[in-house]
Amino acid sequence: MSRSPSIPDRPRLDLDPEMSPEERLEALREHFITIAQVNAELDDQLDVAEDRRDDFREEVDRLERENGALKTSSLYVATVEEVTDDGVVVKQHGTNQEILTEVAPQLHDELEAGDRVAVNDSFSIQTTLSAETDARAQAMQIEHSPEVSYGDIGGLDDQIREVREAVELPLLDADQFDEVGIEPPTGVLLHGPPGTGKTMLARAVAKQTDATFIKMAGSELVRKFIGEGARLVRDLFELAMENEPAIIFIDEIDAVASTRTESKTSGDAEVQRTMMQLLNEMDGFDDRGDICIVAATNRFDMLDRAILRPGRFDRLIDVPKPDEVGRDLIFQIHTRNMSLADDVDFEALAAETDDLSGAEIESLTTEAGMFAIRDERTEVEMADFREALAKITDDESATEPVAFQ
Ligand code: ATP
């Protein structure tokens with residue numbers, strides 16, 4: 001912290017009694033100028049001092065808050081077991097001790113068995129926690145009517161037909177399966193490279209059947225919600241039952257259902273528990289009502305075969321990268337709302353974009369639009385698409401791993 005600046009000396013005036021009136025006047029004038037200068041200097045110093053005082057005040061506030069936080073003791077997390085007239089029975093997490101405790105009247109009315117609460121050292125309930133619902137909400141995405149229809153998906157006619165048979169038919173016309181005497185598939189697994197439309201297919205079938213779309217990412221289950229995977233899988237199925245008809249979509253299922261590894265780290269054990277819970281839920285799903293389970297993976301080769309047994313993910317649908325005709329259609333779909341110049345030729349673009357996925361074609365069309373905007377045009381031309389393609393291919397080759405000899 002800088003030191004305070006020194007205060008200027010007080011100006012003094014010694015008048016010689018021998019001075020003529022003119023000399024006196026001149027001396028007084030000079031003294032006045034000196035006083036004005038010192039005054040201005042003091043004003044500046046006052047401003048600086050006031051700024052520093054504000055800074056110190058903020059610092060004091062911050063330290064007081066920190067001190068307050070350090071002084072309050074931590075609270076324990078517990079679950080309400082029973083609300084009685086004599087008090088509330090809670091079970092403390094970790095120790096599993098059951099305690100009959102008191103609770104403020106305003107909280108008493110709000111509490112229900114199963115609520116999570118924070119208790120202090122003497123186990124009195126301080127507050128209720130909504131963290132579980134938060135974790136549930138964070139881990140799962142719910143859409144009541146997804147904004148995707150089959151018409152938005154290009155080049156996947158066979159896959160659309162298969163998804164309709166495996167998901168749409170059992171939801172809309174379950175009797176047909178009873179009449180024929182066969183079980184509808186329990187789970188549908190979409191597998192194929194990234195960005196090929198697997199999520200779109202699942203959302204479109206939810207839209208078509210008026211079902212709630214509930215998405216959970218396998219990778220998040222094991223990365224973000226460590227220790228909660230199995231419980232969240234249970235919650236996922238409960239949530240689906242509350243929202244029937246529903247489609248449960250588990251993206252990146254390989255994260256929870258990879259071939260067992262040899263190592264026995266706690267992370268692996270957690271993944272195993274999550275997968276076992278998933279299998280349990282699926283196995284106990286005979287009377288499944290109006291719920292369909294769809295999963296997706298880019299790593300079919302890594303999947304534990306246990307999840308592919310009959311009664312689990314028993315319908316496999318391969319979703320490949322689009323062929324030339326498919327790419328042409330995907331270009332048309334993603335340029336529906338764009339102003340295009342007459343020279344744009346999707347057939348030619350489809351021929352030049354071998355190996356691009358649907359997602360890459362979508363970003364190529366956006367990139368082409370950006371080139372037009374940069375050029376201050378409102379119409380997108382064929383040259384913009386070609387430039388966008390060159391950029392996307394360059395970006396890709398720049399991110400490709402370098403092979404060391
Ligand atoms: P990932 O395996 O990476 O999760 P995915 O196969 O689930 O990918 P989607 O999320 O369905 O891919 O697709 C991403 C985006 O790419 C979509 O929002 C869509 O705009 C576009 N897209 C992909 N495939 C197609 C397609 N066949 N037709 C139209 N658009 C597509």
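**View 1. An open sheet of 5 strands.** The strand order is 3-2-1-4-5, with antiparallel pairing. Strands here are DSSP runs (E, at least two residues), numbered from the N terminus. Two strands pair if DSSP finds at least two bridges between them. Strand 3 (98–101) and strand 5 (125–129) are the edge strands, each pairing on one side only. From one strand to the next, the twist averages 40 degrees. Axes are lines fitted to C-alpha atoms, and angles run from 0 to 180 degrees between N-to-C directions. This is a predicted model: local features need pLDDT of at least 70, side-chain atom pairs count only at pLDDT 80 or more, and totals for chains, interfaces and linings use all residues. Residues are numbered from 1 along each chain as its sequence is written.

**View 2. The hairpin of strand 1 and strand 2.** The hairpin has 2 residues between its strands. Strand 2 covers residues 87–92 and pairs with strand 1 in the antiparallel sense, over 6 bridges. Look for Thr 79: its bridge partner in strand 2 is Lys 91.

**View 3. Strand 1 against strand 4.** Strand 1 (residues 76–84) and strand 4 (residues 116–119) run antiparallel. They are joined by 4 bridges. Tyr 76 stands opposite Val 119 in strand 4. Arg 116, also in strand 4, is opposite Thr 79.

**View 4. Thr 79 and its two neighbouring strands.** Thr 79 has Lys 91 as its bridge partner in strand 2. In strand 4, Thr 79 faces Arg 116.
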